[in-house]
Amino acid sequence: QVQLVESGGGLVQAGDSLRLSCAASGRTISDYSMGWFRQAPGKERLFVTTINWSGTSTYYTDSVKGRFTISRDNAKNTVYLRMNSLKPEDTAVYYCAVRLRACSGYGCYENPTLYDYWGQGTQVTVSS
């Protein structure tokens, strides 16, 4: 079992920055890929970014490239999401998740069903 707890969300203005944290407990996550997803009201949960176990490989959805950065500190069992130049369309509940198994196929890491454990989410609201 892995417990994930997100923090760092809040209400900000367009152009501001936030850093989300995802702290894991119950099991080390240092061997596994991690992902961030977001879900706006009435919408499906969508992929934002993922990072491999060592932090050497990352992928981002197009809408956040150049603005968001995922990172991890395996010694702290924690993953981060730095969000710069926030836009109103970034408003959503942000979830972190751990994927215990490797996946094959182009873009498989975008599939939320391949992730095994999820946090409870943290709300990010960006006002215009």
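**Pairing order.** I started with the connectivity: with the bonded cysteines of the protein numbered in sequence order, the pairing reads 1-2, 3-4. I'm working from a predicted model here, and I count 2 disulfides in it.

**Cys 22 and Cys 96.** I pulled up this pair and got a sulfur-to-sulfur distance of 1.9 Å, so I logged a disulfide, the cut-off being within 2.5 Å. Next I checked where the two ends sit in the chain. Cys 22 lies in strand β3, residues 18-25, and Cys 96 lies in strand β9, residues 92-99. That puts the partners 74 residues apart, and the bond links distant parts of the chain. I then looked at the torsion about the S-S bond: it comes out at 60°, a right-handed link. For accessibility, I have both Cys 22 and Cys 96 down as buried.

**Cys 103 and Cys 108.** On to the other link I looked up. The sulfurs of Cys 103 and Cys 108 are 1.8 Å apart, and a disulfide joins the two. I read 70° about the S-S bond for Cys 103 and Cys 108, and this link is right-handed.

**Buried or exposed at Cys 108?** I asked myself which label fits Cys 108, buried or exposed. Its relative accessibility is 10%, so with buried meaning under 20% I wrote Cys 108 down as buried. Cys 103 has a relative accessible area of 25%, which falls between the 20% and 50% cut-offs, so I noted Cys 103 as partly exposed.

**Recap for myself.** Cys 22 pairs with Cys 96, and Cys 103 pairs with Cys 108.

Key. Residues are numbered from 1 along each chain as its sequence is written. This is a predicted model: local features need pLDDT of at least 70, side-chain atom pairs count only at pLDDT 80 or more; totals for chains, interfaces and linings use all residues. Side-chain values use heavy atoms; hydrogens and water are left out. Helices (H or I, at least four residues) and strands (E, at least two) are DSSP runs, numbered from the N terminus. Buried means under 20% relative accessible area, exposed over 50%, partly exposed in between (1.4 Å probe, protein chains only).
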